[in-house]
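Reader: I'm new to this one. Could you walk me through how to read it, a feature at a time?

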Amino acid sequence: MKFEHKSVMLNEVIDALNIQPHGIYLDCTLGGGGHSLKIGESLDSDGFLIGIDRDEDAISAAREKLSGLSCKVEIVHGNFSELDKILDSLGVEKIDGALFDLGVSSYQIDTAERGFSYMNDAPLDMRMDRTKNFSAFDVINNYDEDSLVKIFSEYGEERFSKRIAKNIVGARKNSAIETTGELVKIIEKSVPKISDGGHPAKRVFQAVRIEVNHELEILNAAIISAVRHLKFGGRIAIITFHSLEDRIVKNTFKTLAQDCICPKNFPVCVCNHKAEIKILGKAATATVEELNKNSRAKSAKLRTAEKII
């Protein structure tokens, strides 16, 4: 399947990053290279574009898409949790901008055999990096009931977590749950019909995907690392797609944008924390025009900050 992915809020991202033609820019979630292509087209021959992704299919697609750029391009198969190590290996200390486009790509959802979608019957997988061994199969078949309840509740905000987890554990006593279709049937039997038309498996699939790929636990540290590498006046732009990751971004930005983070009951500051960024306005959302062309942009929020030290 050809790697197809519509880059969300493309023009807004370019505006947010305030690209300098000779600058160094880091795309922490390269995907098919849509955002990176637009960034690279704004760079001259002295500019440097670095793209990171853990999906080998994305890496292959991006290499082809970015091959005609005049700027220097370096594409790395890795995880943005390794940001420090990657930049160090490239001899890069400071960057002019960083982009995070979080969540799962359209390609990953639409490629049935990847197991991200509850709309297709496929092996339980959901790995963004298929060189890793741990998959959705391991979560569904090996986690105990309490652990399943925890991830369904925390990562999926699923109201019927206990009932779903209990039925999963009961079903796998007979045989392993091997496909997305089997999992969907268990979920559908566990919850009442959703009146708003939302698919009953949506929240559980989100939760399992987040668990498999450690999406939330690596985010805070990665943002802090990216900000530390920004030059004075450099920008960081982050697109989120659900409230859990957006909350992490919002709170991390808030902490990095204030001078003192001591408890409010402390009479004097003892943390010596200094603001590193200035938050640039409120979160932006997709235009009506974009939403008419790409419904997956509906939940997207773009937050931007600028380095001030």
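Author: Sure, and let's start with a word we'll need: a contact means heavy atoms within 4.5 Å. Keep in mind that this is a predicted model.

Reader: Okay, so which residues does L183 touch, leaving out those up to four places away in sequence?

Author: L183 touches L124, I140, I168, I177 and F205.

Reader: And what is L183 part of?

Author: A nonpolar core is a set of buried nonpolar residues joined through side-chain atoms within 4.5 Å. The largest such core here has 33 residues, and L183 is among those that touch the most other members, along with I140, L148, F152, I164, I168 and V208. The elements giving two or more residues to this core are α6 (136-142), α7 (145-156), α8 (161-171), α9 (180-190) and α10 (202-213). The biggest giver is α10, with six residues. There is also a second, separate core of 30 residues, which includes L26, I50, I52 and F100.

Reader: How do I read a single helix, say α11? Which of its residues are buried?

Author: Buried means under 20% relative accessible area. In α11 (residues 219-229), that picks out L219, A222, I223, S225, A226, V227 and H229. Those buried residues pack against helices α4 (83-89) and α12 (243-256), and against strands β4 (95-101), β5 (230-240), β6 (277-279) and β8 (301-307).

Reader: Now a loop. Is S70 buried or exposed?

Author: Exposed means over 50%. S70 has a relative accessible area of 52%, so it counts as exposed. You'll find S70 in the loop between α3 (56-65) and β3 (72-77). Beyond residues up to four places away in sequence, S70 touches L43, D44 and S45. For a sense of distance, S70 and F160 are 90 residues apart in sequence and 52 Å apart in space, C-alpha to C-alpha.

Reader: Let's zoom out. How many helices and strands are there in the chain?

Author: The chain has 13 helices and eight strands. Its radius of gyration is 21 Å, close to the 19 Å that the globule rule gives for 309 residues, so the chain is as compact as a globular protein of that length. Buried residues make up 51% of the 309. Among contacts between residues at least 6 apart in sequence, 69% join residues at least 24 apart.

Reader: What about the surface and the charges?

Author: The chain exposes about 15400 Å², with carbon and sulfur atoms supplying 48% of that area. As for charge, there are 42 positive and 45 negative side chains, and the centres of the two sets lie 6 Å apart.

Methods: Residues are numbered from 1 along each chain as its sequence is written. This is a predicted model: local features need pLDDT of at least 70, side-chain atom pairs count only at pLDDT 80 or more; totals for chains, interfaces and linings use all residues. Side-chain values use heavy atoms; hydrogens and water are left out. Buried means under 20% relative accessible area, exposed over 50%, partly exposed in between (1.4 Å probe, protein chains only). Helices (H or I, at least four residues) and strands (E, at least two) are DSSP runs, numbered from the N terminus. The radius of gyration is taken over C-alpha atoms; the globule rule is 2.2 Å times the number of residues to the power 0.38. Accessible areas come from the Shrake-Rupley method with a 1.4 Å probe; for residues, only the protein chains shown count as cover. Lys and Arg count as positive and Asp and Glu as negative; His and the chain ends are not counted. The place of a charge is taken as NZ of Lys, CZ of Arg, CG of Asp or CD of Glu.
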